[in-house]
Amino acid sequence: GHVLYKENAEIKKEEIPLHKEEPLRVELNAFVDCVLQSHQPKVDGQVARSALAVALEITHLIQNNLLSA
């Protein structure tokens, strides 16, 4: 996969490695590792809650045909 982003006046493309693993299993394994190793998670609860709020708002906009291109 890749991501496009704007830097100054230029559009750049960056390749992102994709892992073909079951996402929930990966998330649960990361959680268990954090608990067992006393590590902080990559994404804390507040950031996760914010991401969920954005995803839910986008879903709402799509379902109600309110998202413009």
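Where is Asn-65 found in this predicted model? Asn-65 is in the segment after α2, and we will come back to it in the last of the views below.

**View 1. The whole chain, from two strands to two helices.** Welcome to the overview of this predicted model. The secondary structure comes to two helices and two strands, and from the N terminus on the elements run β-β-α-α. The radius of gyration is 17 Å, well over the 11 Å that the globule rule gives for 69 residues, so the protein is more spread out than a compact globule. Along the principal axes, the C-alpha atoms fill a box of roughly 45 × 30 × 25 Å. Buried residues make up 1% of the 69 residues. About 6800 Å² of the protein is exposed, and carbon and sulfur atoms supply 58% of that area.

**View 2. The hairpin of β1 and β2.** Here we move to the two strands. Strand β1 (residues 2-7) pairs with β2 in the antiparallel sense, over six bridges. Together β1 and β2 form a hairpin with two residues between them. One residue to look for in the turn is Asn-8, which has a positive phi of about 60°. Across the pairing, Lys-6 of the chain stands opposite Ile-11 in β2, while the bridge partner of Glu-7 in β2 is Glu-10. How many of the six residues of β2 are buried? The number is zero, so β2 lies largely in the open.

**View 3. A salt bridge between Glu-7 and Lys-12.** Staying with the hairpin, this close-up turns to a pair of charged side chains. Lys-12 forms a salt bridge with Glu-7, and their closest N and O atoms are 3.0 Å apart. The count for the model comes to one salt bridge. Are these partners buried or exposed, or something in between? Lys-12 is partly exposed, with a relative accessible area of 26%. Glu-7 is also partly exposed, at 35%. Both values fall between the 20% under which a residue is called buried and the 50% over which a residue is called exposed. Glu-7 thus appears in two views, here with Lys-12 as its salt-bridge partner and in the previous one with Glu-10 as its bridge partner in β2.

**View 4. A nonpolar patch on the surface.** Which residues make the nonpolar surface patch of about 340 Å²? They are Val-3, Tyr-5, Ile-16 and Leu-18. Ile-16 is found in the loop between β2 (10-15) and α1. With a relative accessible area of 37%, Ile-16 is partly exposed.

**View 5. Helix α1 and the residue that follows.** Helix α1 covers residues 23-37, which makes 15 residues. From its first C-alpha to its last, α1 reaches 21 Å, close to the 21 Å expected at 1.5 Å a residue. Just after α1 comes Ser-38, with a positive phi of about 55°. That value is worth a pause, as Ser-38 is not a glycine. Most residues other than glycine have a negative phi. Ser-38 sits in the loop between α1 and α2 (45-63) and is exposed, with a relative accessible area of 68%.

**View 6. From the loop back to α1, and across to α2.** This view gathers two C-alpha separations. Lys-42 lies in the loop between α1 and α2 and counts as exposed at 89% relative accessibility. Lys-42 and Ala-30 are 12 residues apart along the chain, and their C-alpha atoms are separated by 9.0 Å. The second pair brings in Leu-56, a residue of helix α2. Leu-56 and Cys-34 are 22 residues apart in sequence and 27 Å apart in space, C-alpha to C-alpha. Is Leu-56 buried or exposed? At 52% relative accessibility, Leu-56 counts as exposed.

**View 7. Asn-65, after the second helix.** As promised, we finish with the residue that opened the legends. Asn-65 belongs to the segment after α2. Its phi is near 50°, a positive value in a residue other than glycine. Asn-65 is exposed, with a relative accessible area of 71%.

Note on methods:
Residues are numbered from 1 along each chain as its sequence is written. This is a predicted model: local features need pLDDT of at least 70, side-chain atom pairs count only at pLDDT 80 or more; totals for chains, interfaces and linings use all residues. Side-chain values use heavy atoms; hydrogens and water are left out. Helices (H or I, at least four residues) and strands (E, at least two) are DSSP runs, numbered from the N terminus. The expected span of a helix is 1.5 Å times one less than its number of residues. Patches are made of residues with over 30% relative accessible area and no salt bridge: like charges are joined within 9 Å, nonpolar side chains (Val, Leu, Ile, Met, Phe, Trp, Tyr) within 5 Å. Accessible areas come from the Shrake-Rupley method with a 1.4 Å probe; for residues, only the protein chains shown count as cover. A salt bridge is a side-chain nitrogen of Lys or Arg within 4 Å of a carboxyl oxygen of Asp or Glu. Buried means under 20% relative accessible area, exposed over 50%, partly exposed in between (1.4 Å probe, protein chains only). Two strands pair if DSSP finds at least two bridges between them. The radius of gyration is taken over C-alpha atoms; the globule rule is 2.2 Å times the number of residues to the power 0.38.
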